[in-house]
Amino acid sequence: MQDSSQTNRRRQDRIQAVLPVRVRGIDTAGVSFEELAHTLDLTPTGVRLGAIRHQVKALETLTIFYHQRRMDFRVVWIKLLDGTKEYQVGLKAFSQEKEAWGLSLFNSQAQPTANTYAATGA
C-alpha cells in the first residue's frame, strides 16, 4: 500500500501557460547556447519548458528570459520527445519570487484567468 507522499509527488499546483522565453545555458557537450523556447506550465517555484533543442544535464543552471525578467533555474529532469530532436525540461527556481513571471497567476483568485494570460501571451 502506498502512502500519499508516494502517490502525489506534486508539492504545488501547476498552471498551464504557454509563454515565449529565451533560454541560455550549457549543453552536455559543454557548449553554451541560447535559444527560443516556451513554457508549458508554471508553479511558484518551477517551470516545465518545451521546444528545447539542446540536451542538458540534471543540476545544470539555465537562465530564462521573459520580457524584461531574468530568472535562474536548476535542471531537475529532461525528456526527449519521441520522434523528435526536442526536449521537455523540468526546472526548479533557485529563489522563489512572489511574482517571478509578472502575471499574478498564483493568487487563488487569479487561477480562473490563467488561461487568458496563456492565450494572450501577456
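**Entry 1: A51**

I looked up A51 first and found it in strand β4, residues 46–52. Strands here are DSSP runs of E with at least two residues, helices are runs of H or I with at least four, and both are numbered from the N terminus. I note that this is a predicted model, in which local features need pLDDT of at least 70 and side-chain atom pairs count only at pLDDT 80 or more, while totals for chains, interfaces and linings use all residues. Residues are numbered from 1 along each chain as its sequence is written, and side-chain values use heavy atoms, with hydrogens and water left out.

The phi of A51 is near 70°, positive in a residue that is not glycine. Most residues other than glycine have a negative phi. I also checked the cover: A51 counts as buried, at 9% relative accessibility. Buried means under 20% relative accessible area, exposed means over 50%, and partly exposed lies in between, with a 1.4 Å probe and protein chains only.

**Entry 2: L59**

Next I took L59, which is not a glycine but has a positive phi of about 80°. L59 sits in the loop between β4 and β5. Is L59 buried or exposed? At 65% relative accessibility, L59 counts as exposed.

**Entry 3: the chain as a whole**

I stepped back to the fold. The chain has 2 helices and 7 strands. Along the sequence I read the pattern α-β-β-β-β-β-β-β-α. The chain has 122 residues, and 35% of them count as buried.

I then looked at contacts, meaning heavy atoms within 4.5 Å. Of those between residues at least 6 apart in sequence, 51% join residues at least 24 apart. The exposed area comes to about 7900 Å², with 46% of it from carbon and sulfur atoms. These areas come from the Shrake-Rupley method with a 1.4 Å probe; for residues, only the protein chains shown count as cover.

**Entry 4: hairpins**

I followed strand β5 (residues 61–66) into strand β6 (residues 69–80). The two run antiparallel and are joined by 6 bridges. Two strands pair if DSSP finds at least two bridges between them. I64 has M71 as its bridge partner in β6. The hairpin leaves 2 residues between the strands, and H67 has a positive phi near 55°.

Then I moved on to strand β7 (residues 87–93). β6 pairs with β7 over 7 bridges, again antiparallel. K79 stands opposite Q88 of β7. This hairpin has 6 residues between its strands, and G83 in the turn shows a positive phi of about 75°.

**Entry 5: salt bridges**

How many salt bridges does a search of the whole structure find? The search gives 5. A salt bridge is a side-chain nitrogen of Lys or Arg within 4 Å of a carboxyl oxygen of Asp or Glu.

I opened the pair D41 and R14, whose closest N and O atoms are 3.5 Å apart. D41 lies in strand β3 (residues 32–43) and R14 in the loop between α1 (4–7) and β1 (15–16), so the bridge ties together parts 27 residues apart in sequence. D41 is buried, at a relative accessible area of 6%. R14 is partly exposed, at 36%.

D41 has another partner: R48 meets D41 in a salt bridge at 2.8 Å, N to O. R48 counts as partly exposed, at 21% relative accessibility. I noted the result as a network of salt bridges linking R14, D41 and R48.

I also checked R24 and E34, whose side chains form a salt bridge at 2.9 Å, N to O. R24 belongs to strand β2 (residues 20–26) and E34 to strand β3, so this pair ties together parts 10 residues apart in sequence. R24 counts as partly exposed at 34% relative accessibility, and E34 does at 39%.

**Entry 6: E35**

I ended with E35, which lies in strand β3. E35 is buried but has no salt bridge. Which side chain of opposite charge is nearest to E35? R53 is, at 4.5 Å. Here Lys and Arg count as positive and Asp and Glu as negative, while His and the chain ends are not counted.

I looked for other partners. A polar atom of the E35 side chain lies 3.1 Å from the backbone nitrogen of R53. The side chains of E35 and H54 make a polar contact at 3.4 Å. Such a contact is a pair of N or O atoms within 3.5 Å; within protein, one must be able to donate a hydrogen and the other to accept it, and residues adjacent in sequence count only if both atoms are side-chain atoms.

Leaving aside neighbours within four places in sequence, E35 touches several residues, among them V21, V23, I52 and A51. That brings me back to the residue of my opening entry.
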